[in-house]
Amino acid sequence: MSCGQRLLLENAQQMVLVCSRGEPYLVGEAMRSLAVLENASLVVGRDGYIKAIGPAAAIRREFSGVSFEERIDCSGKCILPGLVDAHTHPVWAGDRVHEFAMKLAGATYMDIHQAGGGINFTVECTRNASEEELFSTFKYRLLCMMRAGSTLVECKSGYGLNLETELKMLRVIERARRELDISISSTYCGAHSVPKGKTPAEAADDIVHNHLPKLQELCQRGEIHVDNIDVFCEKGVFDLHSTRRILQKGKEIGLQMNFHGDELHPMKAAELGAELGAQAISHLEEVSDAGITAMATGKCSAVLLPTTAYMLRLKQPQARKMLDEGVIVALGSDFNPNAYCFSMPTVMHLACVNMRMSMPEALAAATINAAYALGRSNTHGSLEVGKCGDLIVINSPRWEHLIYQFGGYQELIECVVAKGKVLYRKDSRNLKGHGEER
């Protein structure tokens, strides 16, 4: 083998593959016994894909005459797959720190929402913001997520609620998808709330007859690329009938169904998602036993969001019951003005402490299963030959420190690599390909 390669990471104390046999997701015992190599090396080719993984001595022999654009000595350190954040709302203007104070004083999410705050406040600010302003803050947030180890992020619209602003948000997401090295799964979330002056049925009509046809036209012209459709299926927002209409129309135009369900009230959203063939449902704090069974049977991923239950003081999702029943459990940060968290290591820690997941289960949920929730587990979520060269290097001889050290990822993460490019290095704070840090 004489052609040059992009990157060699050598001599890692531990290399957490997560999967080693091309599994699209992990459930049950497989989540608790992840594939881990000791004293291992990894090669990423110039195309950004993994070319070889194995014992350090074997990789050294196989690539003895090969030139590398970059070599990184990982002695005493661990390599893990790039983390996957399966649920974020990162495009918006106007923070809601004042509402955090209200929540601490006892106001509920719906109290604030019904008083014109919450999503409605952010919608007003986002409608008034320029596209350039939204891109600047979005780019900064993505860089923060990347420095915390995320290399694939699901990004929603949903703070426009009218066609003009929803498309503005999707254009911002598309620009980031084209310009930045971090991978993005784009989600249309125009059914995030019911706009002022409309009933839920009228809002659903507008989405089905106006928003989605325009979205389809723009996607067909190649102006934007959208992967998923999302609806906030909730009491006082979109009921089961409206949710079904919107999701089915999205499915007709080729979008994966990936939606909010059973968060504040039991809505039978899990049963609906399993029936329709949804890729994933998020939140699920109020999911029924029948819904859990339906999701397990339908291979519909449960994207659990520990930050939301923590910040809103909701009851925790039944992670253990889901895991025990064979549901494909994934994790997301739910980054938004109401749950301001960039860090998937923090999310994994909360999942372990508050939802009683083990550390291997949490890592699988933040890698391969989160990638499955986005329909990307064929390219992301594990370290396997043929997959994207997305990975992180941590300065610890045991990988569990990434979860164990609550809030300590800034000191632990030495290097973040996406598509074989080093995007972040702790020693130099270098952000290659992303411009200057704000």
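**Figure 1. A glutamate, E23, in the loop between β1 (5-18) and α1 (29-32)**. Welcome to the first close-up, which comes from a predicted model. Here E23 sits in the loop that links strand β1, residues 5-18, with helix α1, residues 29-32. E23 has a relative accessible area of 17%, so it falls under the 20% cut-off and counts as buried. Its side chain reaches the backbone nitrogen of R21 at 3.0 Å. The side chain of E23 also reaches the backbone nitrogen of S20, at 3.5 Å.

**Figure 2. K299, a residue with positive phi in the loop between α11 and β12**. Next, have a look at the loop between helix α11 (289-298) and strand β12 (301-304), where K299 lies. The phi angle of K299 is near 55°, a positive value in a residue other than glycine. With a relative accessible area of 41%, K299 lies between the 20% and 50% cut-offs and is therefore partly exposed.

**Figure 3. R356, with positive phi, in the loop between α14 and α15**. This view turns to the loop that separates helix α14 (344-355) from helix α15 (359-365), and R356 is found there. Phi is near 60° for R356, which is again a residue other than glycine with a positive value. R356 counts as exposed because its relative accessibility, 64%, is over the 50% cut-off.

**Figure 4. The whole protein, as a setting for the close-ups**. To help you place these loops, here is the protein overall, with its 18 helices and 16 strands. Its radius of gyration is 21 Å, close to the 22 Å that the globule rule gives for 438 residues, so the protein is as compact as a globular protein of that length. Along the principal axes, the C-alpha atoms fill a box of roughly 70 × 45 × 45 Å. Of the 438 residues, 61% are buried. Among contacts with a separation of 6 or more, 73% come from residues 24 or more positions apart.

**Figure 5. The surface and the charges of the protein**. Finally, for those who like to think about surfaces, the protein exposes about 16,100 Å², and carbon and sulfur atoms supply 49% of that area. How many positive and negative side chains does the protein have? There are 47 positive and 52 negative ones, and the centres of the two sets lie 3 Å apart.

Terms used
Residues numbered from 1 in each chain as written. Predicted model: local features only at pLDDT ≥ 70, side-chain atom pairs only at ≥ 80, totals over all residues. Heavy atoms only, no water. Helix = DSSP H or I, 4+ residues; strand = E, 2+ residues; numbered from the N terminus. Rg over C-alpha atoms; globule rule 2.2 N^0.38 Å. Buried < 20%, exposed > 50% of the residue type's maximum accessible area, 1.4 Å probe, protein only. Contact = heavy atoms within 4.5 Å. Areas by Shrake-Rupley, 256 points an atom, 1.4 Å probe, with all protein chains shown as cover. Lys, Arg positive; Asp, Glu negative; His and termini not counted. Charge placed at Lys NZ, Arg CZ, Asp CG, Glu CD. Polar contact = N/O pair within 3.5 Å; in protein donor to acceptor, adjacent residues only side chain to side chain.
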